[in-house]
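Colleague: I have a new model open and would like a guided tour. Could you take me through it, one question at a time?

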Amino acid sequence: MTTSGNSAIEARTLGVYGSITDAIGNTPLVKLNSVTNGLAATVYVKLEYLNPGGSVKDRVALSMIQDAEASGDLRPGGTVVEGTSGNTGVGLAMIAAARGYRTIVVVPDKTSHEKIALLQAHGAEVRVTPGGRPSHHPEFVRNVAAGLAKEISGGWLAGQYDNPANPAAHRATTGPEIWDQTGGRISHFVAGIGTGGTVTGTGEYLKDVSGGAVTVIGADPENSVYGGGDGRAWNMEAVGHFLHPHTETDEWPNSYRPDVVDLVERVTDLDAITVLHRLAREEGLLMGGSSGIAVAAALRIARTLGSDEVVVVIAPDSGRSYLSKYYNDDWLGRLGFPLYGKVSDDRVSDTLHGRYGPFHYVPSSASVSTALELIGSRGSLPVALERPARGPIPVAEILGTATASRMRAAPGHHLVTTHLDPPLPTVGLTEPTSTAVLRLAAHTAQAVVTDAGTAIGLVDARDIQ
């Protein structure tokens with residue numbers, strides 16, 4: 001029997017908490033053993049997906065809500081509103097449910113089905129808005145969320161991108177945890193850059209406590225603007241900074257302080273997916289896409305280090321939220337990524353043997369008249385976001401299809417984007433031919449040929465047999 005004075009201490013030691021918010025944080029570090037074969041440095045991954053809401057964003061959600069409650073911006077019976085790719089919304093919805101708030105979350109249409117289901121399971125109202133909009137567009141995720149927060153009585157916009165409580169959460173919790181867990185031996189810290197809160201807050205603490213000895217590395221998708229990319233779309237959720245070509249002013253989040261980051265490592269979707277599957281099959285660690293970006297960057301850094309160096313990398317969320325994407329051979333195959341299941345059939349690449357045409361498309365800024373000239377005798381062409389020609393176009397940037405019959409019925413001066421049919425189906429070079437044939441059975445026009453998430457050509461669907 002314990003005395004009442006000791007019961008609280010013992011309860012916490014036993015992992016017993018007074019509410020769900022008390023269980024946030026203190027996530028474990030796990031040493032990587034197989035994927036680090038041949039490396040001298042030690043690499044630990046901090047499993048942030050073991051937070052109760054399933055991601056690192058639980059820390060941020062709690063910090064922002066506590067700050068808003070203290071300031072009076074969020075009052076009893078109020079409504080929490082946020083624009084997010086999902087994880088912050090889940091954390092907010094979980095905490096809001098426990099504290100009696102209503103939650104509305106605005107997500108882009110590329111958000112995984114699992115994340116939307118999680119949000120709804122916590123009672124959140126989910127609004128889906130088109131992705132790939134410039135930041136000034138009324139349908140841009142954060143603009144929709146801001147409008148809702150103003151319209152709703154008692155509405156409070158969390159605003160993680162510019163909320164100082166975001167990096168503050170990591171200065172107060174994530175950084176100290178890592179320092180204590182490594183006994184101050186950490187030499188390199190790696191985190192993906194999304195809102196920038198994790199890498200900024202944690203990095204600031206680790207630099208301060210180590211006297212500047214810890215090197216902070218930001219992991220970024222290859223196309224992201226943070227690392228010097230041109231802002232083209234990519235397939236890993238919840239990381240990087242997309243730049244729409246029609247964006248009037250490229251504004252970076254206030255939560256991100258680039259001066260804290262010593263180096264930005266750029267990682268391709270292909271490298272991230274490869275690492276994700278190795279982690280799942282060799283380390284028993286099922287992680288999300290942003291974790292793939294971060295761990296791939298950490299392994300690259302570790303290859304340059306000696307045996308006295310200790311690398312810690314953040315794994316923001318679990319692969320359970322992406323089973324329909326990064327771990328699904330149908331999704332991987334359609335985009336031309338490597339498959340991880342057993343395939344006994346020929347691949348589309350074997351069937352086509354390079355017999356597909358170049359990827360011609362109509363720029364999104366074209367008029368209907370220009371679109372008709374480009375289509376010519378083809379009958380239809382994809383419409384893609386217009387950017388300077390720099391390699392293949394990501395499939396995520398194909399907006400729809402311009403068909404000659406529909407264009408002829410539209411005023412010539414109209415923008416082509418106001419008269420689009422759905423996008424052409426995609427067929428990946430890695431996809432089993434039998435799977436592609438079944439999926440395209442009812443399609444007699446062209447299909448977009450993909451390789452590692454990018455559009456590389458056009459093919460007559462009837463040629464895939």
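**The sheet, two loops and a buried arginine**

Colleague: Let's start with one pair: which residue in strand 10 stands opposite Val 45?

Modeller: A word first: this is a predicted model, where local features need pLDDT of at least 70, side-chain atom pairs count only at pLDDT 80 or more, and totals for chains, interfaces and linings use all residues. Residues are numbered from 1 along each chain as its sequence is written, and side-chain values use heavy atoms, with hydrogens and water left out. Strand 2 (residues 42–47) and strand 10 (residues 310–315) run parallel and are joined by six bridges; strands here are DSSP E runs of at least two residues and helices H or I runs of at least four, numbered from the N terminus. Opposite Val 45 you will find Val 313.

Colleague: And in what order do the strands of that sheet come?

Modeller: Strands of a sheet pair through backbone hydrogen bonds, either parallel or antiparallel. Here two strands pair if DSSP finds at least two bridges between them. The sheet is open, its pairing is mixed, and its six strands follow the order 1-2-10-7-8-9.

Colleague: Which strands lie at the edges?

Modeller: An edge strand here pairs on one side only. That picks out strand 1 (29–31) and strand 9.

Colleague: How is strand 8 joined to strand 7, and what is the handedness of their β-α-β unit?

Modeller: Strand 7 (residues 188–192) runs parallel to strand 8, with five bridges between them, and Val 190 has Ile 217 as its bridge partner. A crossover counts as right-handed if, with the strands pointing away from the viewer, the path from the first strand over the helix to the second runs clockwise. With helix 7 (residues 197–209) completing the unit, strands 7 and 8 make one that is right-handed.

Colleague: Is strand 8 (residues 215–221) largely enclosed or open?

Modeller: On its other side, five bridges link strand 8 to the parallel strand 9 (residues 263–267), where Gly 218 stands opposite Val 264. Buried means under 20% relative accessible area, exposed over 50% and partly exposed in between (1.4 Å probe, protein chains only). Six of the seven residues of strand 8 are buried, so strand 8 is largely enclosed.

Colleague: What relative accessibility does Ala 238 have?

Modeller: Most residues other than glycine have a negative phi. Ala 238, in the loop between strand 8 and strand 9, has a positive phi near 70°. Ala 238 counts as partly exposed because its relative accessibility is 37%.

Colleague: Asn 26 has a positive phi too; what is its relative accessible area?

Modeller: Asn 26 sits in the loop between helix 1 (4–13) and strand 1, with a phi of about 55°. Asn 26 is exposed, because its relative accessible area is 53%.

Colleague: Which residue's backbone oxygen lies 2.7 Å from a polar atom of the Arg 387 side chain?

Modeller: Arg 387 is in the loop between strand 12 (380–384) and strand 13 (393–394), and it is buried, with a relative accessible area of 11%. Leaving aside neighbours within four places in sequence, its contacts (heavy atoms within 4.5 Å) include Asp 230, Phe 242, Tyr 361 and Glu 397. The backbone oxygen of Gly 231 lies 3.2 Å from a polar atom of the Arg 387 side chain. At 2.7 Å comes the backbone oxygen of Leu 243.

Conventions:
A polar contact is a pair of N or O atoms within 3.5 Å; within protein, one must be able to donate a hydrogen and the other to accept it, and residues adjacent in sequence count only if both atoms are side-chain atoms.
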